[in-house]
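User: Please take a close look at one strand of this protein and at the strands on either side. I should like one connected explanation that also shows how this part fits into the whole chain.

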Amino acid sequence: MRPVLVLTHAPHEGPGLIAPALDAPVRVRTVVSAPEPVLPRLDEISGIVVMGGAMDADDDRFPGLVAEQRLLADAVDGDVPVLAVCLGMQLLALALGGALQRRHGTEIGFAPVDVVGADPLLGALGDRPTVLHWHNDAVTLPTGATLLAATAATPVQAFRAGSALAVQFHPELEPSMLDVWLATPEMVDGLAQDEVEAIRNDGSKYLPDLAPAARAMVGGFAEQVRARG
């Protein structure tokens, strides 16, 4: 079976529970700062997962982001399964003609997201799941994409574009991964200690229910991957 390409942008923002839930070979690559990024051809992979990162999706100081956008646009054109998370969602939106809205509104911590559209994968999370948000940029909905989820602060929290599912929030989190995030200065910069502790406590409260639902969502994506692989 051809591997699933997982694109990461920071050491602490890996695929988390997504990788084992795929039940498929995984090839993790980080090309965000590569001067001449080289990515696999679509016929070499069975799917693409794009994770988060602290940089802006349109920051031209990171040449790998442009290469990732090209690959994502080609993947949707070629009906290759794509799962895009946080920065990954923003890159996918730009690749499909959407616009980045820098500093649109900060959402950090566990809070509900309203599911407003039917989708066989996102539906595994329920109608109004409490998820982890960690972003301050947003995107406009690409032409032809279907809006799937929203919050008051971020009108586009998830969308479907052909073979691609994109989510602004973080379904990949497991307790150990959250612990790493809360111990990473880059992640908690600007947060007060009581805010950090609130996120930690909410993780203990919400992740036991969220993680199985997220695995079910990724399981649906894995079926699409295996059908191609």
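Analyst: **Strand β11 and its surroundings**

In this predicted model, F159 stands opposite A166, a residue of strand β12. This pair is a good place to begin, and the description can then widen from there.

Strand β11 covers residues 158-161, and strand β12 covers residues 164-167. The two run antiparallel and are joined by four bridges. Together they form a hairpin, with two residues between the strands. In the turn lies G162, whose phi angle is positive, at about 60°.

On the other side of β11 comes strand β10, which is made up of residues 146-150. Here too the pairing is antiparallel, this time over three bridges. Two of the partners can be named: A149 has A158 as its bridge partner in β11, and T146 has R160.

What covers the two faces of β11, and are its residues buried or exposed? Both faces are covered. A158 and R160 lie on one side, F159 and A161 on the other, and all of them are buried. To be called buried, a residue must have a relative accessible area under 20%. For the protein chain as a whole, buried residues make up 55% of the 229 residues.

The next step is to place β11 within its sheet. This is an open sheet of eight strands with mixed pairing, and its order is β2-β1-β3-β4-β12-β11-β10-β7. The edges are β2 (26-29) and β7 (114-115), each of which pairs on one side only. Moving from β11 through β10 therefore leads to the edge strand β7, given the strand order and the edge strands. Strand β7 and β10 run antiparallel and are joined by two bridges. In that pair, V115 stands opposite A149. A149 thus has a partner on each side, V115 in one direction and A158 in the other.

Elsewhere in the sheet, the pairing has another sense. Strand β1 (residues 4-7) pairs with strand β3 (residues 47-50) in the parallel sense, over four bridges. Within this pair, V6 and V49 are bridge partners.

The loop that runs between β1 and α1 (18-22) holds H12. H12 is counted as buried because its relative accessible area is 11%. Leaving aside residues up to four places away in sequence, H12 touches M177, V180, W181, T184, E186 and M187.

Finally, the whole chain. The secondary structure comes to six helices and 12 strands. Of the contacts between residues at least 6 apart in sequence, 72% join residues at least 24 apart. Along its principal axes, the C-alpha trace spans about 50 × 35 × 30 Å. A compact globule of 229 residues would have a radius of gyration near 17 Å, so the value of 16 Å for this chain agrees with that expectation. The accessible surface is about 9,400 Å², and 50% of it belongs to carbon and sulfur atoms. The chain carries 15 positive and 29 negative charges, whose mean positions are 5 Å apart.

Methods. Residues are numbered from 1 along each chain as its sequence is written. This is a predicted model: local features need pLDDT of at least 70, side-chain atom pairs count only at pLDDT 80 or more; totals for chains, interfaces and linings use all residues. Side-chain values use heavy atoms; hydrogens and water are left out. The radius of gyration is taken over C-alpha atoms; the globule rule is 2.2 Å times the number of residues to the power 0.38. Buried means under 20% relative accessible area, exposed over 50%, partly exposed in between (1.4 Å probe, protein chains only). Contact means heavy atoms within 4.5 Å. Accessible areas come from the Shrake-Rupley method with a 1.4 Å probe; for residues, only the protein chains shown count as cover. Lys and Arg count as positive and Asp and Glu as negative; His and the chain ends are not counted. The place of a charge is taken as NZ of Lys, CZ of Arg, CG of Asp or CD of Glu. Two strands pair if DSSP finds at least two bridges between them.
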